[in-house]
Amino acid sequence: MDFKDMEFTMYRGCDRGLSCKGCGRQNKQLNTYDWLADVPGNAESTDLVEVQFKNTRKGYYHNVNNLDLQKGDTVAVEASPGHDIGVVTLTGRLVTLQVKKANLKSADDIKRVYRIAKPVDMDKYNEAKSREHDTMIQSRQIAKDLGLQMKIGDVEYQGDGNKAIFYYIADERVDFRQLIKVLAETFHVRIEMKQIGARQEAGRIGGTGPCGRELCCATWMKNFVSVSTNAARIQDISLNPQKLAGMCAKLKCCLNYEVDEYIEAGKKLPSKEVMLQTKDSDYYHFKSDILAGTVTYSTDKNLAANLETISAERAREIIEMNRKGEKPLVLNEDDRSKPASKPVDLLADADLSRFDKAKKRKNKKGNGYGQHTDNRNGNRQGEKPTDGRSNGEQRPNGRFNDRQRSNHHNGNRSGNGFTQQRAVGERPKNGDNRPQANNRQPRHDKAGQPKPGTPMAAAVQKTGNDAPRKPEQTQPNERQGE
């Protein structure tokens, strides 16, 4: 075929290989994509239509009145008794395939479509739906009072409100004849009981699975097949109940999806009981990747030692060589010995001092009382402070140092970090809290003796002791008498 002069059309969105009519105007469970919707004559091929009700309940009806029904239309259909309200989900040839899947026993099960729903029908429908939740709560309490071992999971009213369907879950057979009588007297409607399983309940409620997609039982799965742990063993999946269970607390239905593929791929792998013999050592089966077609062998039967991964074809080749009494050099296909692994020095390029902490520089104190090293501003001893203070001044930080604390106890109180010099017993003047320079002379000489003329020397002469004492503090009354 010549493609040079052929014209091509670019499609966007749902026109890109998909049918716009195939997507319905509804968001219900078990939605079927109608890929034949844009085929001419598809709707006229059959009068059957698929109508969906609450959650996953579906029904098939004859369009006897030849109504122009499209996917998403709300219609009133035949029911016993009265009528029901549902949404058209499928028309055309695919409906016949869906009827075969539903396994309808007779043609009488297929009823008729009355009309497209009117506003009056929708009012009755909305009124009936508003009573479903309260009915479910009351019915659960009634079943509990009767002592029935069952769980009522959902209640669905018919479109005209004349009938209610109660969906329940029970592990054993339940005699609910008395329950039906009490429910009919309480709600004044016709009662129908339907037993469902845990998987069907999860499909009716809906949700998102651990894979990140919507549940299969809520999107496309109708028939549920029993799932066993043997499917997990075939696929080499760990038998962890928390990971194998789905939203319904049963084994995941998706465990059966790929079992056939794993069975076919597993037939190509060698037996797990066969031991491979080489000139280097004997190898035992450790694990296998079924889909990749590779097998891992170990030199120890119970531990993972000297693991070697080879293909299934190479394993079968070695098995045939062992049967003939031959042993390959190694398991590798190129028959070359494996180079010895050299030890790796993890600290070769590392710095040994990377964990050492940086030493902090300690503040150096002067020997004399008049000398002070101000390390807060980064000034060394002998340098002038940067904030205009002399070397003898202290920073007004509002805290006491060791010398200021001793002066405070001796009667010399400091304000804002500055020491005020006054005579012993002299009171500070009121309001005179101005900071003054610390011009106090040292109280001891180089030999450690008190200097003459200081309060300490006077105290030593008074007591006659060598060790200096603190001056006695006078009482307030004695001070006033002075």
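**Helix H9 and the largest pocket**

On one side of helix H9, Asp-260 and Glu-261 are exposed. The structure is a predicted model, and in this model H9 spans residues 259-266, with Val-259, Tyr-262 and Ala-265 buried. Viewed down the helix axis, the buried residues of H9 are confined to an arc of 130°, and they therefore line one face of the helix. The exposed residues Asp-260 and Glu-261 are located on the other side of H9. The packing partner of the buried residues of H9 is helix H7, which comprises residues 230-234.

The largest pocket was examined next. This pocket encloses about 1200 Å³ of space. Its lining consists of 38 residues, of which Thr-56, Arg-57, Lys-58, Gly-59 and Lys-194 are the closest to the pocket centre. In terms of residue class, the lining of the largest pocket includes 15 nonpolar, ten polar and 13 charged residues.

Several secondary-structure elements contribute to this lining. At least two residues each are supplied by the strands S2 (58-62), S3 (74-78), S6 (151-157), S7 (163-169) and S8 (190-195), and likewise by the helices H1 (93-102) and H5 (198-205). The greatest contribution to the lining of the largest pocket comes from S2, with four residues. With respect to domain assignment, domain 1 (1-117) and domain 2 (123-204) each provide at least three residues of the lining of the largest pocket.

Notes: Residues numbered from 1 in each chain as written. Predicted model: local features only at pLDDT ≥ 70, side-chain atom pairs only at ≥ 80, totals over all residues. Heavy atoms only, no water. 1 Å grid on protein atoms, 1.4 Å probe; cavity = no way out; pocket = protein on both sides within 12 Å on 5 of 7 lines; lining within 4 Å. Points joined across faces, edges and corners; volume = space filled by probe spheres on them. Nonpolar A, V, L, I, M, F, W, Y, C, P; charged D, E, K, R; others polar. Domains from an automatic or database assignment. Buried < 20%, exposed > 50% of the residue type's maximum accessible area, 1.4 Å probe, protein only. Arc of directions from axis to C-beta. Contact = heavy atoms within 4.5 Å.
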